[in-house]
There are 2 protein chains.
Amino acid sequence: MDDFENLDLPLFPISVAARLLDISVHTLRMYEREGLIVPFKKESNHRLYSKADIERLSCIRKTINESKISINGIKTIYSLIPCWDIVNCSLKDRENCESYKSHSNPCWTFQHVYNICAHLDCRECDVYKNFAECKSLKEKLKLEIK
Amino acid sequence: MDDFENLDLPLFPISVAARLLDISVHTLRMYEREGLIVPFKKESNHRLYSKADIERLSCIRKTINESKISINGIKTIYSLIPCWDIVNCSLKDRENCESYKSHSNPCWTFQHVYNICAHLDCRECDVYKNFAECKSLKEKLKLEIK
DNA sequence: AATTTTTGATATTTATAAATAACAAATTCT
DNA sequence: AGAATTTGTTATTTATAAATATCAAAAATT
């Protein structure tokens with residue numbers, strides 16, 4: 001794929017991302033600490049953000065500022081994404097999965113050591129990538145629940 | 001059923017409900033305006049609250065004060081309840097249904113004039129009654145989405 | 001090697017959601 | 001008939017979530 005089209009390339013350091021979004025660097029780190037965003041990390045632990053990340057953050061920003069949904073509200077909504085269905089999680093794996101039980105934190109904020117998600121990069125996962133907007137979650141429910 | 005056991009009887013005027021929950025009368029009206037609660041209304045338009053209402057409001061209170069989810073966040077979560085599945089809404093009815101499209105307001109805040117919900121009392125509906133807690137929504141999703 | 005930027009952490013500010021207070025008119029109750 | 005309560009509305013207060021400001025140490029850049 002052409003680099004120009006690939007939205008998932010880690011391109012922007014945190015200062016640039018902050019400028020693009022017109023927010024402070026610290027706010028970006030807060031969103032990460034809360035589990036709303038998972039930026040790419042270099043070996044040095046420095047963050048890099050992709051175009052898709054900027055898009056995602058812009059959406060989060062709207063949700064907070066325009067829809068007036070608190071960060072904990074967003075986390076709770078994310079926790080409702082049916083990840084077990086999306087990644088085809090086995091019944092056994094579900095039993096031991098914290099995020100399967102959780103209704104306050106998104107699955108990508110948990111350590112998945114024993115199940116299908118272990119050692120996979122959440123950034124690459126459809127659960128993380130496709131459900132940044134609340135809209136997409138309801139559409140998913142419509143598809144799955146007849 | 002014994003009146004003492006029936007949780008759905010309209011028993012308490014707003015002043016008593018407010019005292020039971022240790023909040024102001026105005027806050028109760030606000031929750032209603034926001035669509036979080038649907039109290040019984042007398043012909044005179046005066047509100048009456050059941051034991052189930054008090055329980056529901058107590059849960060809403062915890063969600064706001066302890067889980068730190070904003071009212072708009074709660075509304076959005078409620079809007080994700082798969083009502084169409086619960087009330088067995090026809091495909092045709094869904095097309096014209098505002099709440100089927102909404103991802104910001106619960107179904108019981110809409111006027112349902114043309115579909116299966118028309119003229120039904122939302123207070124009596126399983127959608128309204130069984131999903132006051134976020135927990136119950138995730139459990140429902142687990143049941144429906146394999 | 002020197003400059004710039006990042007890191008995480010703490011302390012502070014700001015914006016605003018949530019709750020309260022006050023009002024006159026209508027309704028209920030004794 | 002009169003007292004108490006409810007109604008809806010507007011204006012105000014309060015609590016706190018969200019964002020900003022500072023800091024020294026580490027890393028990156030030129």
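1. To start with the term that the sheet description needs: two strands pair if DSSP finds at least two bridges between them. In this predicted model, two bridges join E2(B) to strand E3 (residues 47-49) of chain B, and these strands run antiparallel. One position is easy to find on screen: Lys41(B) has Arg47(B), in E3(B), as its bridge partner.

2. Widening the view from that pair, you will see an open sheet of three strands in chain B, with antiparallel pairing and the order E1-E3-E2. At its edges are strand E1 (12-13) and strand E2 (40-41) of chain B, each of which pairs on one side only.

3. Chain A also has an open sheet of three strands, in the order E1-E3-E2 and with antiparallel pairing. Its edge strands are strand E1 (12-13) and strand E2 (40-41) of chain A, and each of these pairs on one side only. Here I would look at the other end of the sheet. E1(A) is joined by two bridges to strand E3 (residues 47-49) of chain A, and the two run antiparallel. Within this pairing, Pro13(A) stands opposite Leu48(A) in E3(A).

4. Now to how the two chains relate. Chain A is superposed on chain B by a rotation of 180 degrees with 0.0 Å of shift along its axis, at an RMSD of 0.0 Å. That is the relation of a two-fold axis. The same surface serves both copies, since 100% of the contact residues of chain A recur in chain B.

5. What does the contact between the chains consist of? On chain A, 21 residues are in contact with 21 residues of chain B. The elements of chain A that give two or more residues to this side are helix H4 (71-79) and helix H9 (134-144). The largest share, six residues, comes from H9(A). By class, the side of chain A that touches chain B has eight nonpolar, seven polar and six charged residues.

6. The nonpolar core deserves a look as well. Which residues touch the most other members of the largest nonpolar core? Of its 56 residues, they are Leu137(A) and Leu137(B). Leaving aside neighbours within four places in sequence, Leu137(A) is in contact with Ile77(A), Leu80(A), Ile81(A) and Phe131(A), and also with Leu80(B) from the other chain. As general background, nonpolar side chains tend to be buried together in soluble globular proteins.

7. Next, DNA strand C. There are 21 residues around this strand, and Ser15(A), Arg47(A), Ser24(B), Ser44(B) and Ser70(B) come nearest. The elements that give two or more residues to the surface near DNA strand C are helix H1 (14-21) and helix H2 (25-34) of chain A, together with helix H2 (25-33) of chain B. This surface divides into seven nonpolar, 10 polar and four charged residues.

8. DNA strand D has 21 residues around it, of which Ser24(A), Ser44(A), Ser70(A), Pro13(B) and Ser15(B) come nearest. H2 of chain A, together with helix H1 (14-21) and H2 of chain B, are the elements that give two or more residues to the surface near this strand. By class, the surface near DNA strand D has seven nonpolar, 10 polar and four charged residues.

9. Two backbone positions in chain B are worth checking. Most residues other than glycine have a negative phi. Asn88(B), although not a glycine, has a positive phi of about 60 degrees. Asn88(B) sits in the loop between helix H5 (83-86) and helix H6 (91-95) of chain B. Is Asn88(B) buried or exposed? With 8 other C-beta atoms within 10 Å, Asn88(B) is exposed, because a residue with 12 or fewer counts as such.

10. The second position is His119(B), also not a glycine, with a positive phi of about 65 degrees. His119(B) lies in the loop between helix H7 (98-101) and helix H8 (126-130) of chain B. This residue counts as exposed, with 7 C-beta neighbours inside 10 Å.

11. Finally, a loop residue in chain A. Ala132(A) lies between helix H8 (126-130) and H9 of chain A, in the loop that links them. Ala132(A) counts as buried because 22 C-beta neighbours lie inside 10 Å, and the cut-off for burial is 20 or more. Leaving aside neighbours within four places in sequence, Ala132(A) is in contact with Arg56(A) and Cys59(A). For orientation, the C-alpha atoms of Ala132(A) and Ile69(A) are separated by 14 Å, with the two residues 63 apart along the chain.

Definitions and conventions: Residues are numbered from 1 along each chain as its sequence is written. Chains are lettered from A and ligands numbered from 1 in the order in which they are written. This is a predicted model: local features need pLDDT of at least 70, side-chain atom pairs count only at pLDDT 80 or more; totals for chains, interfaces and linings use all residues. Two residues are in contact if their C-beta atoms, placed from the backbone, lie within 7 Å. Helices (H or I, at least four residues) and strands (E, at least two) are DSSP runs, numbered from the N terminus. Ala, Val, Leu, Ile, Met, Phe, Trp, Tyr, Cys and Pro count as nonpolar, Asp, Glu, Lys and Arg as charged, and the others, Gly among them, as polar. A residue is near a molecule or strand if its C-beta atom, placed from the backbone, lies within 6 Å of it. A nonpolar core is a set of buried Ala, Val, Leu, Ile, Met, Phe, Trp, Tyr and Cys residues joined through C-beta atoms within 7 Å. Copies are superposed by least squares on the C-alpha atoms of residues with pLDDT of at least 70 in both.
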